[in-house]
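The following exercises ask you to describe a pocket and a sheet, each with a worked solution. Inspect the model before reading on.

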Amino acid sequence: MLKYAGILITLLLACFAPEAQTPVFRLRETKDIGDVRLTTVLQDSRGWLWFGARNGLFRFDGQAYHAVQFPESWPAATVSALLEWNGQIWVGFSNGAIGHLPVSSAYATSTDGQSRHAARLLRWTPEEGLPQKNITAFAADSAGGFWIATYGEGLYCLKNKRLYQFNAEEDGLGSDEVYALACDAKGRIWAATDAGVSICSMPVAGKKRVLHLSVADGLPDEIATALLADRHGNIWIGTHEKGVCRYDVTRQKIDFQTRNWPYGTVANLTYFGSRELWIGTEKDGLLRLEPTTGALTPLPETHSLRRARIRHLCKDREGLLWTVTDKGAAYSANVRFGMLELPLSNILSVLSDRRGRIWAGSPEGLFFLENGQPKAVRTRPGIPVPQQVVALWESPENGNIWAGTFDHGVFVVGPSGQILHRLTTSDGLKDNNVLSIAGDERRVLLATFGGVTAVDMPSGECRRLDSLGNGYVYSVFRDSHGRTWFGTDGDGLVLLDKGQFRHFTEVGGQALKTIYSVAEDKRGHIWFSTDKDGLFRYDGRKFHRYSPENHLHHRSGTGLATDGNGQLLVAYDDGLDILNPDRPGHVTFCDPAIGAPFAEVNLNALCRDAQGNVWLGTRQGILRVAAFDEPFLDDPQPGITAVTVYSEAVDFLTQTTFAHDRNYFVFNFTGLWYTNPEAVRYRYRLEGFDPDWKVSKDHIASYPNLPPGRYTFRVQTSEHGNFEQVPEATWAFTVEQPFWTRWWFVLLVLAVGAGLFYAYVKNRERVLKREAQLRRETVESQFEALKSQINPHFLFNSFNTLIAIIEENPKLAVEYVEHLSDFYRSIIAYRERDFISLQEERGLVRSFDFLLKKRYEDGFRLEDRLNGQTGLIMPLALQLLVENAVKHNVISKSRPLTVEIFTEGDDYVVVRNNIQPKIKPEPSTRFGLQSLVHRYRLLGNRPVVVQNDGAYFSVKVPIF
């Protein structure tokens, strides 16, 4: 039976054609934008994917394509080139047109939050004019130059805002038909042409330098069709018929070249680390090249992309490979995962040896892959073909492979694949069921159903480790410190260190029983999986437990391994988790949703190769999980895509301040995660408003009627539900206070109020002071008037005149007394009033005139020409002026004094007298006239006007 099994596996492997570790390619549907044929793809610095198409340009967020608006009258043409340069997305077209738009272009949104279109594409119109031929590629050099490749017009370089042309006829360009561009480590631009590769530079504007690389220089093909600069600045060159080569820029020579190339024209290239190059061809789809070994593998013959014509390739920052075909379809693949398709399924064990070969054990037997070809191990007489191979280990001493089996003991296989010998219970093994193998140059430890057997390498003597008992031991693991760990069935974890055993049977009150697998991370921490209690980490002092509550897939792990990047792989019978030991809560379950094949991983069927890749034996075949030596993002990247205020899109990239009545905000955001966009969850918070975070799957948050204040909108993304140490996008803005509540307005109002109050108080003080002064002036004036009228001279003169009249004309004396009495009565009556009518003042003046005429007879004349004028006047004003005229002038028959009273317009009453000054002026206080002038000034209206022209003395008194 064993003999026939060996013949069967040999026949199966002989008929097997090796295939790539095929990743899962996912078609990215474009049905939502109609019948669109995509042509090229680019990822910008913010993570957005831009797809060029025939007559269109689209930005893709992983779930939907959003069209870019073209300028009016833009000619119909195919997008043929894309590049991010100088903060702009540059777009080249098949008709030579070039457009650009900012990388930070915000999307306008509708009221329902759905994106409508991006910012409009802008025309580029350099003074020198645009090419008229197809734009095939863009590139940027390290000196600030922007390069444009055309098919038919050579190469253009934009330097210091001037456009220069490189062509074959004048500048030595290999050909004017340029397919691709790349920038090397020295900042030079490489151009792939129909006549080899031209290396161009322009260190100073207008100073052109062109070197040429042709077949004579080692180029395998005269026609170069694709270029790629790797991380070291070396150039990979794709050719028309001879495949791919690599030019070492430092050594100035081609140091790698594919041989016997049957796959036609190379259209595009992209790399993943330094160990994997993906090649897009014109007729044979995609190929994967391993530069370290030269292994070149196409996709399987039955794959939908096997015979596709590849237009463009792009590697994104998550490690996905994007492919655009000539039919306008876009595919993505997580090339980190690849299933090696074999004629034998249900791989029970897997091993990578020191020569880079993969060994695999299955129920049917043991085989290994050498140069991509599977080979069965060769047996020898008396030794059966190994079956049910469940454990593999390579001896560090001689490279022999130890294969543990179910029920058939251990087989030792030489590096060439020849079985050397077999160990069973008859040779000292406790049990023929060998589940795990580990060891060093001196001894090998075999974990069996009956405990652990130690095999001494020099002598071959077998000895059972009695301290572990007779129970199952699922795994044996040697750590970096030379310690040995044993995972047992029911007795927990056992450590063998310097000949001493230490048993771990309890963690935090929880019993440790069945341990399936053990691994060590880059920090030296020990990890082990259990049958039902989850995953544990031992840091040398204490244990930490992980379970589905920590986002682990489930509690039972079938195997553990760490890759070259320090990631921990936790295998299950329905897939695997990838856990970052530095972020234990960050766990990614690898299933078809993220581009990983469905895999049922067998118990402890894991190994790591020399490049750090992890190989897993599954029921479906061998799964490779690559550890590329370049960093990729492992979290969705959040971004705020649009902000609307009262349904109006705002330029939130520049505007951060809003009026108090523009306070209804709607935020649109996204988490760019092309690996599995449907898994993205959002956590957002408006600091200054929200008391806590909100978790949602929606891409929108609404905040109506925000009060004035300063706010920061924060949004985080996670694909696994754990929001610890995840990236975050923020936008800070301010809703202004109403102007009537701002400090400056309050201070201004207070200042104005205080000023008005101060002015009111001061004005009131002035009014009160003026009124008091006016009253005082009035009283003093009245007193002076009264005093002047009752002074002895006035009374003496009046009484003398009365005596003379009494003797001569008693009747007239009576009239005189009456007028004198009326005069004094009027003075007493009017002195308490502020104003009297002009008629009342005239009555007083007439009484005074009667008295004066009886005294001076024809020497005094009063001419009253008021003619019925009405109005108000201060009391005693006219009488005072008449009295002053009498007091200060000579009065006689020969020199009569004439006093005139008349009006000037309707504003003034004028008292004027001719000037006849006395030789000896009478003593005077000058109070009367000054008081009159002052009192009218206090009223603030028209002033009293005093005029003296030498002939007449006039006083103009305002009428109210």
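**Exercise 1.** Determine the volume of the largest pocket, and describe its lining.

*Solution.* The largest pocket has a volume of about 1,600 Å³, where a pocket is an open set of points on a 1 Å grid over the protein atoms alone at which a 1.4 Å probe fits, with protein on both sides within 12 Å along at least five of seven lines, and lining residues have an atom within 4 Å of a point. Its lining comprises 47 residues, of which Leu181, Leu227, Asn268, His312 and Leu313 are the closest to the centre. Among the elements that give two or more residues to this lining are strand S3 (38-43), strand S17 (178-183) and strand S29 (310-315), strands being DSSP runs (E, at least two residues) numbered from the N terminus. The largest share, seven residues, comes from S13. Sorted by class, the lining holds 27 nonpolar, twelve polar and eight charged residues.

The model is predicted, with local features needing pLDDT of at least 70 and side-chain atom pairs counting only at pLDDT 80 or more, while totals for chains, interfaces and linings use all residues. Residues are numbered from 1 along each chain as its sequence is written, and side-chain values use heavy atoms, leaving out hydrogens and water.

**Exercise 2.** Establish the strand order of the open sheet formed by four strands.

*Solution.* The order is S51-S52-S53-S54, with antiparallel pairing, where two strands pair if DSSP finds at least two bridges between them. Strand S51 (515-520) and strand S54 (543-546) are the edge strands, each pairing on one side only. Strand S52 (residues 526-530) pairs with strand S53 (residues 535-538) in the antiparallel sense over four bridges, and Trp527 stands opposite Arg537 in S53.

Notes
Points joined across faces, edges and corners; volume = space filled by probe spheres on them. Nonpolar A, V, L, I, M, F, W, Y, C, P; charged D, E, K, R; others polar.
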